[in-house]
Amino acid sequence: MSIWWSLHLRREAASVPLARRLLLGTMETAGVDPDISYDLSVALSEACANAVEHGGDDSGTPSAEYRVTAYLDGEKCRIEVADSGPGFPPSRRGHRAALRPAHASAESGRGLCLIEQLADHVHFRNRPGQGAVVSFDKILKWREGALLKVS
């Protein structure tokens, strides 16, 4: 058995905890290990917060929405967050892009590095003329008696 869902969310701060709670509820119901669930939910929150903050177009006009898609299938969970903003600058595109952690006193700039530390595989890309996409996955661990556990 596998679970797949996709949300179209308004680019508003209130959408971030909504996406996080849906992911946590899905993983709890499926029987995913709570530590894995927590890591993925933090990574999702960071990706959604970036879409909310940076998902406008080149003219500075914000796009009204962004999309979150999650797949839980046996051994892994894959999450994708896509916005309609200007996309990543060239230095941030690609798999394991050259990200530099923000200075310890910085109030922002840690999200993409945090996602890389919490997930097993991370990919940053731009959709031509359509915005940025952050996708990441993590190998799942299961609680005993989990609904989706691979035998």
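1. A good place to start is His-121, which you will find in strand β5, covering residues 121-127. Keep in mind as you look that this is a predicted model. His-121 is partly exposed, with a relative accessible area of 44%. Along the sequence His-121 and Arg-78 are 43 residues apart, yet their C-alpha atoms are 9.2 Å apart in space.

2. Now step back to the whole chain. The protein has three helices and six strands, and their order along the sequence reads β-α-α-β-β-β-α-β-β. If you are tracing the chain for yourself, that pattern begins with a strand, passes through two helices, and then reaches three strands in succession.

3. Some overall numbers may help you get your bearings. The protein has 151 residues, and 44% of them count as buried. About 8400 Å² of the protein is exposed, with carbon and sulfur atoms supplying 51% of that area. Taking contacts between residues at least 6 apart in sequence, 67% join residues at least 24 apart.

4. Next, have a look at how β1 meets β2. These two strands run antiparallel and are joined by nine bridges. To find the pairing on screen, try Ser-2, which stands opposite Asp-73 in β2.

5. Which rings sit across this part of the structure? The aromatic pairs in the model number two. In one of them, the ring centres of Trp-4 and Tyr-71 are 6.2 Å apart and the planes meet at 45 degrees, so this pair is tilted. Trp-4 belongs to β1 (residues 2-10) and Tyr-71 to β2 (residues 65-73), so the pair ties together parts that are 67 residues apart in sequence.

6. Are these two aromatic residues buried or exposed? Trp-4 is exposed, with a relative accessible area of 52%; the cut-off for that label is over 50%. Tyr-71 is partly exposed, at 36%.

7. Strand β2 has another partner to follow. It pairs with β3, residues 76-82, in the antiparallel sense over seven bridges. Val-68 is a handy marker here, as it stands opposite Val-81 in β3.

8. Finally, the turn between these strands deserves a glance. β2 and β3 form a hairpin, with two residues between them. Gly-74 lies in that turn and has a positive phi of about 60 degrees. While you are viewing the strands, a general point is useful: in a regular strand, side chains alternate between the two faces of the sheet.

Technical notes:
Residues numbered from 1 in each chain as written. Predicted model: local features only at pLDDT ≥ 70, side-chain atom pairs only at ≥ 80, totals over all residues. Heavy atoms only, no water. Helix = DSSP H or I, 4+ residues; strand = E, 2+ residues; numbered from the N terminus. Buried < 20%, exposed > 50% of the residue type's maximum accessible area, 1.4 Å probe, protein only. Contact = heavy atoms within 4.5 Å. Areas by Shrake-Rupley, 256 points an atom, 1.4 Å probe, with all protein chains shown as cover. Phe/Tyr/Trp six-rings, centres within 6.5 Å; stacked < 30°, edge-to-face > 60°. Pairing = 2+ DSSP bridges.
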